[in-house]
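This report goes through a few local features of the structure shown below. It starts with one strand and its partners, then turns to backbone angles, helices and a pocket.

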Amino acid sequence: ESTVQVGKLQDLINRSKMARCRGRFVCPVILYKGKHICRSATLAGWGELYGRTGYNYIFSGGSDDAWADAEDISEEDSALRNADSQLFDKVRGHDIKLLRYLSVRYICDLMVENKKVKFGLNVTSSEKVDKAQRYADFTLLSIPYPGCEFFKEYKDRDYTAEGLIFNWKQDYVDAPLSIPVSLTQSLNIDWSEYQSWDLVQQTQNYLKLLISIINSDEDDSGLLVHCISGWDRTPLFISLLRLSLWADGLIHTSLEPSEILYLTVAYDWFLFGHMLADRLSKGEEIFFFCFNFLKHMTSEEFSAVKSQRRKSLPPGFTLEEICMLKQRDRGSTTSLSSDFSLGMESSPGAAGSFTYEAVELMPAGAQAQAAWRKSCASSPQAMLWSRAQQSEDRLPSTGMVEVKSSSSSSSTHSDNFLRIGSSPLEVPRSRSADHSLPGSSVSTDFGSWQMVTGCGSIQEQAILSADASLPCSLPDEFPSTCL
């Protein structure tokens, strides 16, 4: 879908890389509907720009690679390029050429500062405060988001993002939220209240905004997302965008859940410079927050295909008929928005002895469907909203049951939940439809996201007591029961 020529892209990058902090140039990382979603660092300030160009000039034998292959630069330009305006015009001019070549229209700046100040010096700048208005032709969005230092508070609160609000009154915070009205009309969000949002609500609203931008119908509506260096806040939103679009079946359609996990961790985070060891040593666990946040983006609001994701069913559908729906009628099985699964409870006769198997709403072969019907008819059934997934060897003893789930939502809690230690999030695994455990129902094509329960702590795990009342039950005559 992309019309980018690699050779020309390399040339533009080579010319423009000095324009941005740490030389972290604009880089396309997701191709969606023919549009490039890009990432970078913010613009370099005069101190870094002069320092880097001088350093490169000295250590490259007298030729500055920012100006290498500069046949189009006149002698007069070469003589004057050390002047402030000339240097900024040239370097940022190449940056703008690269953005235009990638058809970027929207630039989302996550910095809470207009300029990053260290030791009293402006070490970085931003498109929104470029004095010469070189970026006036782009749609600039200032959406300030807390830096990685804020996520130490997230860890200190036992990984609880709900109720955690950034202090916007700090001296260095001077970038207001600024979004064109044309981009906010379709979103039912009161942006004037952004300073009162907690970390969950702020991340949700920013993600909705980014999804609405890339889902516009304009051909030249590419997107650039950046913070200061582009290795903490930037990968957070790029990774969430990638996972959301993958879950919708719009990108990376050949990748299994474990494969998309490896891709986003290795590519979006580590290859682009996220310093995990340093962040862990300081307790700034923004990396963990990214994947813990998945449970907060399961609704239709985060889908780029709302009209196709889930169709309303006419009255009279039985659960068995729903399970036989075709793929196109029921949405994506791997979607983060698949907000429920059904746990099948079978009663082999011994009181308090249960086995559970997750049932996804997915088409199955005739043999598997027949086995499922037989299982339904042979024993009393009950439906319940699933909670957490555990491996076979960790099932609790009689009297306690755990339920497998593909749900990531944990907004409600039962009084019957107990707290015990558990392992971190489990990576979903592929499972064959004809490889079912004895006595179990139809296996799923994909595994399930194990849910982080309670306040989001990796120290906790929800357990449902066997004698607890089930949240939702249906009569025994279940094939005739309408869902």
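C108 stands opposite V225 in β7. The model is a predicted one. Strand β3 (residues 104–109) runs parallel to β7, and five bridges join the two. β7 is also joined to β2 by four bridges, again in parallel. In that pairing C38 is opposite L224 of β7.

How many of the residues of strand β7 are buried? Five of the five residues, 222–226, are buried, so β7 is largely enclosed by the rest of the structure. In a regular strand, side chains alternate between the two faces of the sheet. In β7, G222, L224 and H226 point one way, while L223 and V225 point the other way, and all are buried.

**Positive phi values**

Most residues other than glycine have a negative phi. K33 and Y159 are set out below with their positive values.

| Residue | Phi | Loop | Relative accessible area |
|---|---|---|---|
| K33 | about 55 degrees | between β1 (27–32) and β2 (35–40) | 49%, partly exposed |
| Y159 | near 60 degrees | between α5 (151–156) and α6 (181–184) | 10%, buried |

K33 is not a glycine, yet its phi is positive. The loop that holds K33 leads between β1 and β2, and β2 is a strand that pairs with β7. With a relative accessible area of 49%, K33 is partly exposed, because exposed requires over 50%. Y159 is likewise a residue other than glycine with a positive phi. At 10% relative accessibility Y159 counts as buried, because the limit for buried is under 20%.

**Helices α1 and α7**

Which residues of helix α1 (residues 6–16) are buried? They are L9, L12, I13, R15 and S16. These residues cover an arc of only 165 degrees around the axis, which puts them on the same side of α1. The face of α1 turned away from that buried side carries the exposed residues V6 and Q10.

Helix α7 (residues 199–214) contains I214. I214 is buried, with a relative accessible area of 3%. I214 and Y106 are 108 residues apart in sequence, but their C-alpha atoms are 9.2 Å apart in space.

**Annotated domain**

The UniProt record, an unreviewed entry, places the feature "domain: Tyrosine specific protein phosphatases" at residues 204–240. Over residues 204–240 the chain is 51% helix and 14% strand. The C-alpha atoms at the two ends of this stretch are 10 Å apart.

**Largest pocket**

Rolling a probe the size of a water molecule over the atoms shows where empty space is left. The largest pocket holds about 660 Å³ of space. Its lining is made of 31 residues, and K116, C148, E149, I228 and R233 are the ones nearest its centre. By class, the lining has twelve nonpolar, five polar and 14 charged residues.

Which element supplies the largest share of the lining of the largest pocket? That share, three residues, comes from α10. Both α2 (46–59) and α10 (276–282) supply at least two residues of the lining.

Conventions: Residues numbered from 1 in each chain as written. Predicted model: local features only at pLDDT ≥ 70, side-chain atom pairs only at ≥ 80, totals over all residues. Heavy atoms only, no water. UniProt positions renumbered as here; feature names shortened; annotations may be inferred. Buried < 20%, exposed > 50% of the residue type's maximum accessible area, 1.4 Å probe, protein only. Arc of directions from axis to C-beta. 1 Å grid on protein atoms, 1.4 Å probe; cavity = no way out; pocket = protein on both sides within 12 Å on 5 of 7 lines; lining within 4 Å. Points joined across faces, edges and corners; volume = space filled by probe spheres on them. Nonpolar A, V, L, I, M, F, W, Y, C, P; charged D, E, K, R; others polar. Pairing = 2+ DSSP bridges.
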